[in-house]
Amino acid sequence: MAKFFYKDRQYEVSVSPESNEQEILILTNSDGVELTIREGEKKAVKRDSQDNLEEVDLQTAQYKNFYDSLIQEARKVVKKDSQDKVKSFFKALEVQYEERVQDFHQTLNIVVIGNVSSGKSSLINALLRRTRQNALMKVGVQAGVTTKLNILRLDEKVRLIDSPGLGDVRAENSEITQEFLKSIDVGILVVTGAVDASQKEYFNDLKENCKSFFVVLNKRDEWDRYHPQALENVMNQWKEYLKIDKIYPVCTFGYDSQLSDNTPLDIRGVIQLREDIEDFLESQGKKLLLARHMSKKRSYAKKIVVGAVTAVGIQAALPGKALFITTTQVIAIGSLYYLYTGQILSKGSALALLPVFAGQAVATNVFLFFTSFIPPTGIVEIAAAITAISITAAMLASINFVLSSGAELTDEKMLKLKFREYREQVQIILKNLALTDITKIGSLNFTDIVDKLI
Ligand SMILES: Nc1nc2c(ncn2[C@@H]2O[C@H](COP(=O)(O)OP(=O)(O)OP(=O)(O)O)[C@@H](O)[C@H]2O)c(=O)[nH]1
Ligand SMILES: [Mg+2]
C-alpha cells in the first residue's frame, strides 16, 4: 500500500498480487471511496464507504483528464514502491546471506599419524571413499623432503599430512608444515595390534595440538580368526592405556597396487569414523571442504537439499518468511556448487539462477516469485507452504542433476526441464500425503521426499 497526493487529496494505491497477466489497481481516497481499475478497461468499479458498488466510466469528457492523470500518477507510485521493496528485499537478503553462509575460504588441516605400515595411507583412501583405481595416496602425493612425511594438498585450502608423528612434521620445518601446525583441525592416530608403549607420547602430542582427535585400531581383520572378545580386549587395552572413551576398529585392506584386480577392498568400520569426523567438521562449518574430495558425492548433496527443504518446510508455516526461504535456497545452491566444483559461487550468480525457475513457476516477476508463496503478513495457507517446499526441492534437485552430470549451471534448458519434472514429482508426493493442517508441514519426513528425487 503506497500513499500519494493528487490534486490536494490523499490516495492509497495497491496493485493486486495476482496481477502478472493483468494489472489491477485499487485506489482509495481519504473518504474511504475505493476505485478498482483493470488494465486496459475503460470502466472502473467504485465502492463507497457504505459498500455500494457503482460502475464509473473513465472516458467521459468531463473526467477523462482527471482519471488519466490520476491513474498515471498511481502507476508511477506503485512502480516506485515495488522497486523500493525489491531493493530492500535484496538488501535484507544480503545481510541474512552473510550471516548464514558457510565460509568456504577457511582452511582444513588433517594429520594422520602412526607407525610405518600401520595403514595410514590406506585409511586416508578409505575415508575419502576411494577405490583402488582412484586411490588418492598414489596419485596426489607430494613427497616431503624426508621420506617419513607425505603432504597431500587436496586443494589450496585442504591439506592432509601423513607421518609417524607430529615431531616429524615439526622437523620438516617448511612453510607449509609451519602453517599446518598452527591450526590442525583433525588428528588421527592409527594403531594396530596390541598396546604398544611407543604410541602414548605421539598420542598426547596429537591431542594437545589438534582441535579434534580420533584413535583408530586398524587391521581389525587380524582378529577375525579369534573369538570376538579378543578384539574387544585389545580395544579396551588401548582405551585404558591412552585414557580415551572411544576407539574405532577398522579394516582398510586392499589399496596395494600389487594386488590382483579382482581382489576386493575390505573396508570396515570406516563409516562410523567418517561420520564422527564430519560431525566435528560440520560444527566448524568445514564439512564441505572435505566432502568435495569424496569420490561419491550423492549423500552430501542429499543432505544439503534435505537441510534446505526442511528449513523451508518449518519456516513456510510462518508468515513473512520469503526472505528466509530465498536465502536458504541461495545458500543451498552455493553449497551444491562448491561440493561439485570446489569453486565459490558468488551470491549474485546464485541469485541470478532463481529467475530461471521463477519463469517456470507461479510468477514471471522474480520479486513476486520470492514473495508469492509466502505472503508478508497474515495467514499462511497450506497451499502456499506446499508451493514453497516443492519449488525449493525441485530447484535444488535440478541443480544437483546438472552439476552431478558435469554440465554447467548456464544450461538453462536442462535446468528448466528437470525443474518441471521434479516439481511434478514433489507435488504428487505431497498431494498423496493429503495435508490439511499447516502445523503438520514442519514434521514431514523430508529425507523421504528428497530421496525420491536425488
Ligand atoms: N590386513 C590388513 N592389511 C592392511 C590393512 N590396512 C592396510 N593394510 C596393509 O598394510 C600395508 C601398509 O599400508 P599403508 O596404507 O601403506 O600403511 P602406511 O601407514 O601408509 O605405511 P607407510 O606410508 O609406509 O608408513 C599395505 O600392504 C596395506 O595393504 C588392514 O586393515 N588389514
Ligand atoms: Mg603411507
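**Group meeting talk: a hairpin, a ligand and a few residues**

Okay, let's start at the beginning of the chain: β1 and β2 make a hairpin with two residues between them, and K7 in that turn has a positive phi of about 45°. When I say strand or helix, I mean DSSP runs numbered from the N terminus, with at least two residues (E) for a strand and at least four (H or I) for a helix.

Quick housekeeping before I go on. This is a predicted model, where local features need pLDDT of at least 70 and side-chain atom pairs count only at pLDDT 80 or more, while totals for chains, interfaces and linings use all residues. Residues are numbered from 1 along each chain as its sequence is written, chains are lettered from A and ligands numbered from 1 in the order in which they are written, and side-chain values use heavy atoms, with hydrogens and water left out.

Back to the hairpin. Strand β1 covers residues 2-6 and β2 covers residues 9-15, and they pair antiparallel over five bridges. Pairing here means that DSSP finds at least two bridges between two strands. If you want a spot to click on, F4 stands opposite Y11 in β2. On to β3, residues 24-29: five bridges join this strand to β2, again antiparallel. There, E12 stands opposite T28.

Now the ligand. Which residues are closest to ligand 1? They're K120, S121, S122, D221 and D256, out of 15 that surround the ligand; to be counted as near, a residue needs a heavy atom within 4 Å. By class, this shell has three nonpolar, eight polar and four charged residues. For the classes, Ala, Val, Leu, Ile, Met, Phe, Trp, Tyr, Cys and Pro are nonpolar, Asp, Glu, Lys and Arg are charged, and the others, Gly among them, are polar.

Oxygen atoms of the ligand come up a few times. A backbone N or O atom of G119 is 3.0 Å from one, a polar side-chain atom of K219 is 3.2 Å from one, and a polar backbone atom of T252 is 2.8 Å from one. Overall, the protein covers 76% of the 640 Å² of accessible area that ligand 1 has on its own, using the Shrake-Rupley method with a 1.4 Å probe. The elements giving two or more residues to the shell are α2 (120-127) and β14 (251-253).

Next, D155, in the loop between β9 (150-153) and β10 (158-163). Is D155 buried or exposed? D155 counts as buried because its relative accessible area is 12%, and the cut-offs are under 20% for buried, over 50% for exposed and partly exposed in between, with a 1.4 Å probe and protein chains only. The side chain of D155 makes a polar contact of 2.7 Å with the side chain of H293. A polar contact is a pair of N or O atoms within 3.5 Å; within protein, one must be able to donate a hydrogen and the other to accept it, and residues adjacent in sequence count only if both atoms are side-chain atoms. A polar side-chain atom of D155 also lies 2.9 Å from the backbone nitrogen of V158.

L108 sits in strand β7 (residues 108-114) and is buried, at 0% relative accessible area. Leaving out residues up to four places away in sequence, L108 touches several others, including K157, V158 and L281, where contact means heavy atoms within 4.5 Å.

Last one: D51 has a positive phi of about 70° although it's not a glycine. D51 sits in the loop between β5 (43-47) and β6 (53-57), and is exposed, at 51%.
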